[in-house]
Amino acid sequence: MEATESTFETAVVDRSRDVPVVVDFWADWCGPCHALAPVLEQEIAAREGRVELVKVDVDSEQGLALRFGVSGIPAVKGFRDGRVVTEFVGARSRAGVATFLDELLAPPRADVLLAELRAGGELPEVVAALDAGDVEGALAAILDAVPSAEPPAQERLREVAVALFDRLGHDDPVTVAYRRRLAASLY
């Protein structure tokens, strides 16, 4: 599927809330783009609908290329939950594309850590806040626990906080505020 400025929100951003979407920014004159395209298509087809491919011609859709910081092509961006979560620039081998797609399809690190916390009975305040949908409350609980924690526990708290920052996105105001506070309390 080709996306344009007028279809991008629906075809990529909105759709990525249901299934991960890979966007291939390319141009007709680009040799590496033509080399990568069949590899992307075959690897995505092998995942049987668990990920979708959308192509954007950077010559026709310069606004989209600018919006997503495309400075070299092919540029491939993996969207999940309405935002870019992983990306690469340049042609990749079949194995490299497969690894990229497998990482995009893997559960978010925050989900894996939450399951580990639950199973181990760790950080019950953090788990309760996350179960209630209160990411900021979970981050506040993490910050409260850092000063009295031993170094291994501090590392675990940092790991959970970083996974939550990734979930929120690096530009989210909560991430920006709590990242600074976490760094100040750890270092």
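How many helices and strands does the protein have? In this predicted model, the protein contains nine helices and four strands. Their order along the sequence is α-β-α-β-α-β-β-α-α-α-α-α-α. The C-alpha trace spans about 60 × 30 × 30 Å along its principal axes. Of the 187 residues, 44% count as buried. The exposed surface of the protein amounts to about 9,600 Å², of which carbon and sulfur atoms supply 53%. When contacts between residues at least 6 apart in sequence are considered, 66% of them join residues at least 24 apart. The protein carries 19 positive and 32 negative charges, and the mean positions of the two sets are 3 Å apart.

The interior was examined next. In soluble globular proteins, nonpolar side chains tend to be buried together. The largest nonpolar core of this model comprises 26 residues. Those with the most contacts inside this core are Val126, Leu130, Leu139, Ile142, Val160, Leu164 and Leu182. At least two residues of the core come from each of helix 5 (109–120), helix 6 (124–131), helix 7 (135–145), helix 8 (151–168) and helix 9 (173–186). The surroundings of Ile142 illustrate this core: with neighbours within four places in sequence left aside, Ile142 is in contact with Val126, Leu157, Val160, Ala161 and Leu164. A second core, separate from the largest one, has 22 residues, including Val23, Phe68, Ala75 and Phe79.

Strand 1 contains Val21. This residue counts as buried because its relative accessibility is 0%, a value under the 20% limit for burial. Apart from neighbours within four places in sequence, Val21 is in contact with Ala11, Val12, Arg15, Ser16, Glu52, Val54, Lys77, Gly78 and Phe79. Val21 and Leu186, by comparison, are separated by 165 residues in sequence and by 36 Å in space, C-alpha to C-alpha.

Helix 4 occupies residues 94–105 and has 12 residues. From the first C-alpha to the last, helix 4 reaches 16 Å, close to the 16 Å expected at 1.5 Å a residue. The buried residues of this helix are Gly96, Val97, Ala98, Phe100, Leu101 and Leu104. Among the elements that cover these buried residues are strand 1 (21–26) and helix 2 (31–45). The cover also includes strand 3 (75–80) and strand 4 (83–89).

Several features of the backbone were also noted. Most residues other than glycine have a negative phi, and most peptide bonds are trans. Against this background, the bond joining Ile73 and Pro74 is a cis peptide bond, with omega about 0 degrees. Pro74 is placed in the loop between helix 3 (62–67) and strand 3. Glu48, although not a glycine, has a positive phi of about 45 degrees. The loop between helix 2 and strand 2 (52–57) holds Glu48. This residue is classed as exposed because its relative accessible area is 72%, which is over the 50% limit. A positive phi of about 45 degrees is likewise found at Leu123, which is not a glycine. Leu123 belongs to the loop between helix 5 and helix 6.

How values were computed
Residues numbered from 1 in each chain as written. Predicted model: local features only at pLDDT ≥ 70, side-chain atom pairs only at ≥ 80, totals over all residues. Heavy atoms only, no water. Expected span 1.5 Å × (residues − 1). Buried < 20%, exposed > 50% of the residue type's maximum accessible area, 1.4 Å probe, protein only. Contact = heavy atoms within 4.5 Å. Areas by Shrake-Rupley, 256 points an atom, 1.4 Å probe, with all protein chains shown as cover. Lys, Arg positive; Asp, Glu negative; His and termini not counted. Charge placed at Lys NZ, Arg CZ, Asp CG, Glu CD. Core = buried A, V, L, I, M, F, W, Y, C linked by side-chain atoms within 4.5 Å.
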